[in-house]
Amino acid sequence: MKTSILLLLWLPFMGLGQDVNQETQNELKALNERLFKEYTLNKNTKPLEECATEGFVLIAGNGMLETKDQAINGVDNVNVSEIKVQVDKVILSGNTGIVIGVLDMKGTIMGRPVPGKIRFSSTFLKFEDRWRLVTRTMTMMRRLE
């Protein structure tokens with residue numbers, strides 16, 4: 001009897017974790033997309049400056065490592081007229097969130113056409129109730145023939 005009563009009292013709260021989880025996933029998806037779009041379309045580095053940690057590292061599509069300052073200063077090398085951000089998965093564990101997806105852009109990077117789709121992974125950590133970007137990887141996707 002006690003078990004049944006406890007179960008009935010607990011049932012309304014069982015879905016709360018899923019709602020919070022979905023809310024957090026949506027928050028990270030939106031933040032990630034905003035960072036990409038502001039940087040590439042508007043050449044606005046302020047969101048990246050504010051969100052990225054001082055130790056931020058970008059693994060660029062060509063395999064080069066870039067610091068936060070290098071990534072911010074490289075905005076002039078990006079000339080993108082269109083970007084589509086597709087999120088395939090968001091992984092949450094404690095104060096860590098990883099957003100994985102694909103970028104589809106039209107334009108140039110360092111004067112060369114964007115080579116098709118780019119797979120990305122963005123890792124965020126939550127500090128003092130605020131998500132901060134710690135690292136991002138970018139990998140050019142090959143076309144299977």
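1. Contacts along the chain. In this predicted model, contacts in the protein chain between residues at least 6 apart in sequence include a share of 53% that join residues at least 24 apart. The chain has 145 residues, of which 32% count as buried. Its secondary structure comes to 4 helices and 7 strands, and, read from the N terminus on, the elements follow the order α-α-α-β-β-α-β-β-β-β-β.

2. The aromatic pair. A search of the whole structure turns up 1 aromatic pair, formed by Phe 36 and Phe 120 in an edge-to-face arrangement, with 5.0 Å centre to centre and 65° between the planes. The angle is over 60 degrees, the cut-off for edge-to-face, and therefore the pair is described in this way rather than as tilted. Phe 36 belongs to helix α2 (residues 16–42) and Phe 120 to strand β6 (residues 117–127), so the pair ties together parts that are 84 residues apart in sequence. Both Phe 36 and Phe 120 are buried.

3. A charge over the ring. Phe 36 has a further partner to look at, since the charged end of Arg 136 sits over the ring of Phe 36, at 3.8 Å from its centre.

4. Another residue of helix α2. Gln 25 is also found in helix α2, and the question for a reader new to the model is whether Gln 25 is buried or exposed. Its relative accessible area is 17%, and because buried means under 20%, Gln 25 counts as buried. When residues up to four places away in sequence are not counted, Gln 25 touches Val 90 and Leu 92.

5. The largest pocket. The volume of the largest pocket is about 800 Å³, and 30 residues line it, with Leu 58, Ala 60, Glu 66, Val 78 and Ile 109 lying nearest its centre. By type, the residues of the lining divide into 21 nonpolar, 6 polar and 3 charged. Which element gives the most to the lining of the largest pocket? Helix α2 does, with 4 residues. The elements that each supply at least two residues of this lining are α2, β1 (52–59), β2 (65–67), α4 (68–73), β4 (96–109), β5 (112–113) and β7 (130–140).

6. Two positive phi values. Met 110, which is found in the loop between β4 and β5, has a phi near 55°, a positive value in a residue other than glycine. Glu 128, in the loop between β6 and β7, has a phi near 45°, again a positive value in a residue other than glycine. These values deserve a look because most residues other than glycine have a negative phi. Met 110 is exposed, with a relative accessible area of 62%, and Glu 128 is exposed as well, with a relative accessible area of 80%.

7. Pro 113 in strand β5. Pro 113 is found in strand β5 and is exposed, its relative accessible area being 64%. Leaving aside neighbours within four places in sequence, Pro 113 is in contact with Gly 107 and Thr 108. Pro 113 and Asn 79 are 34 residues apart in sequence, while their C-alpha atoms are 9.3 Å apart in space.

8. Val 87 in strand β3. Val 87 is found in strand β3 (residues 78–93), and its relative accessible area of 24% makes it partly exposed. Not counting residues up to four places away in sequence, Val 87 touches Lys 29, Val 99, Ile 100 and Gly 101. Measuring along the sequence, Val 87 and Asn 32 are 55 residues apart, and in space they are 9.3 Å apart, C-alpha to C-alpha.

9. Asp 69 in helix α4. Asp 69 is found in helix α4, and its relative accessible area is 51%; because exposed means over 50%, Asp 69 counts as exposed. The C-alpha atoms of Asp 69 and Glu 54 are separated by 8.7 Å, and the two residues are 15 residues apart along the chain.

Terms used
Residues numbered from 1 in each chain as written. Predicted model: local features only at pLDDT ≥ 70, side-chain atom pairs only at ≥ 80, totals over all residues. Heavy atoms only, no water. Phe/Tyr/Trp six-rings, centres within 6.5 Å; stacked < 30°, edge-to-face > 60°. Buried < 20%, exposed > 50% of the residue type's maximum accessible area, 1.4 Å probe, protein only. Lys NZ or Arg CZ within 6 Å of the ring centre and 35° of its normal. Contact = heavy atoms within 4.5 Å. 1 Å grid on protein atoms, 1.4 Å probe; cavity = no way out; pocket = protein on both sides within 12 Å on 5 of 7 lines; lining within 4 Å. Points joined across faces, edges and corners; volume = space filled by probe spheres on them. Nonpolar A, V, L, I, M, F, W, Y, C, P; charged D, E, K, R; others polar.
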